[in-house]
Every structure is written in structure tokens, then in C-alpha cells.
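Hi,

Here is the structure I promised to send over. Have a look at it first, and then read on for what turned up.

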Amino acid sequence: MQSKAPDEMTGDAAPDWAVPQYPIGSVDRALKLILLLGEQPQIRLTDAAKYLGVASSTAHRLLAMLHYRGFVRQDPVSKAYHPGPALMSVAFSVFNRIDIEGAARQVLLRLSERLKESVHIGMLEGANVRFIAAAEGPTAVRVASRLGRTLPAHCTSTGKALLARLPDADVARLYPDEQLARVTAHSIGTRTELHRELGRIRQQGFAANREGSEEGVASVAVPIPTRAPGVLLALNAAAPVHRLSASQCRAVAAVLIEAAKEIGDQIG
């Protein structure tokens, strides 16, 4: 079975790189698995073997070596493979050199003008979300910028949009206890409730929040597609609760999805 090159999987044009004079097949296959982890949150042994066009035993040896070097980790229950600490360290090192705020600024400004509300980009850091870019809305009464602030992920639409991208096993590791800390009376208070909410988010494609992180504030968030393995970003729009009803969330999410793709293209 012929394996597909990364450009065939994504539909992007093939990069203009010459095939090395003395290619090393095992290295090439291992690198392809790392690229695959950049496209998918997890891979299974059967997925890896099919993707590479090799026997399961060969795929297992490749994954075992990547696991040994910390580039992947294996979930002990599901047996699926996820980005490991070494891969995430490399991703964060590269990611930290990118000026996210500068790359996304024009998109955020246009978005805040279009929605007439404040918009933010947030990054998942463990069980918290850190806001790394923002543009305040143009109206006199608006949600203040949260740039630089860190909040519990389960209390924000941005954090919930990011948590929904993780497998349930990873969410369980982030939240080992049933009871969760609340920021307001409207915050999610249990892990059971959080799992139900994440299921809804995965189904509808966006996260919503009503006064979960701050009284009087409502928000909608969507993930930002990026190619960096293990780096999770989301885009939100936040408004006074009376200006963002539950019935408006889907339309706002559609606008955010469009902007999130543009931001993802800007930062790579």
C-alpha cells in the first residue's frame, strides 16, 4: 500500500524540497508520524500502520522509539498515542518565537469592528486559559480586555472550546476531582457537568458561556486551527450578557470560525 505524503493528506501544494540522495526509510516514516500528530489529536497503532502502508509490527516499533524519546505518549486505557512532552517542548519553543498578537492583530481589529464587541485569543495552559491577544469592542459599554489574564479553563468559553479538543482521558487527568472551583455562581462546578458540556461543544462546533467567568458577561469561542502539535488556541467574542442571547451564539460562532481560519493561516 502506498503511503500518502503530508500534502496529499491536507490538500496543500507539495513543498519544493528535493528528495535526499540517500533517504532513510525508518526516519522518514517516524517523521511522517510526527506530522500526522500535528493534524490529529491522537493516533492508534492501526491508524499509523495504515497511514504508513506498513505492518502493525513495524508501526509499533516506530511508535515505541518515539515514545522512548518522549515524542509521543500512550494512553494506558485507550492505548492511543498523543503528542509527548518532547514534541510539545519543541512546538512551544517554536511557537514562542511567533508574534501571535502581531500576526493576528489586523484580523482581531476587523472582527471587533464587525461584531461591535471585544475579541480575544486564548491559549490552554494545563487546566487554565491564558489570553495572549485581544481587541476591545468600539462601543462605550464593552467587555474590558483580558490580555495577559489567566482564568480556569472550565469557567470560560475559550477554555471550554480548547478542552473539547482533548480526549476525555486527558480532561480527566486535568480534573482529577469531581468538584471544580467556581469563579461565579454560574461556573461549571463538577467534572460530570464539564464532560456533558464538552460533549455538546464537540457536537455543535463552538462553546458558549453566560456569566461563568464574570457576572454580566457572555461569550462564544471556537478553536483556531494551527499546525503546531500540542499547541491549542481559541478565539472568542465577549459581550455584556444583554447583547449576546443564546439564540445569537450560532451566528456569532460562524463569524468567529471564519476569522479563526484566517488567524490560523497567518501564524502557520
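One to start with: is Arg146 buried or exposed? Arg146 is buried, with a relative accessible area of 5%. Keep in mind throughout that this is a predicted model.

Arg146 has a charged partner, too: it forms a salt bridge with Glu214, and the closest N and O atoms are 3.1 Å apart. This pair links distant parts of the chain, with Glu214 in the loop between β6 (207-210) and β7 and Arg146 in the loop between β4 and β5 (150-152), 68 residues apart. Unlike buried Arg146, Glu214 counts as partly exposed, at 33% relative accessibility.

In total the structure holds 15 salt bridges, and two others are worth pulling up on screen.

Take Glu117 and Arg243, whose side chains meet in a salt bridge at 2.8 Å, N to O. Glu117 sits in the loop between α6 and β3 and Arg243 in the loop between β8 and α10, so the pair ties together parts that are 126 residues apart in sequence. Here the acid is the buried partner: Glu117 has 9% relative accessibility, while Arg243 is partly exposed at 27%.

Then there is Arg173 with Asp75, a salt bridge of 3.7 Å, N to O. Arg173 is in helix α8 (residues 168-174) and Asp75 in the loop between β1 (72-74) and β2 (81-83), which puts them 98 residues apart. Asp75 is buried, at 2% relative accessibility, whereas Arg173 is partly exposed, with a relative accessible area of 44%. Both also belong to a network: salt bridges that share partners join Arg73, Asp75, Asp170 and Arg173.

Now for the greasy side of things. In soluble globular proteins, nonpolar side chains tend to be buried together. The largest nonpolar core here has 32 residues, and the ones touching the most other members are Leu108, Ile121, Leu235 and Leu256. Two or more residues each come from α6 (100-115), β3 (118-125), β4 (128-135), β7 (217-224), β8 (233-240) and α10 (249-267). The top contributor is α10, with 9 residues.

For a feel of the packing, try clicking on Ile121. Beyond its neighbours within four places in sequence, Ile121 is in contact with residues including Leu108, Phe131, Ile224, Leu235 and Ile263. There is also a second, separate core of 21 residues, with Ala153, Val171, Leu194 and Ala221 among them.

Cheers

Definitions and conventions. Residues are numbered from 1 along each chain as its sequence is written. This is a predicted model: local features need pLDDT of at least 70, side-chain atom pairs count only at pLDDT 80 or more; totals for chains, interfaces and linings use all residues. Side-chain values use heavy atoms; hydrogens and water are left out. A nonpolar core is a set of buried Ala, Val, Leu, Ile, Met, Phe, Trp, Tyr and Cys residues joined through side-chain atoms within 4.5 Å. Buried means under 20% relative accessible area, exposed over 50%, partly exposed in between (1.4 Å probe, protein chains only). Helices (H or I, at least four residues) and strands (E, at least two) are DSSP runs, numbered from the N terminus. Contact means heavy atoms within 4.5 Å. A salt bridge is a side-chain nitrogen of Lys or Arg within 4 Å of a carboxyl oxygen of Asp or Glu.
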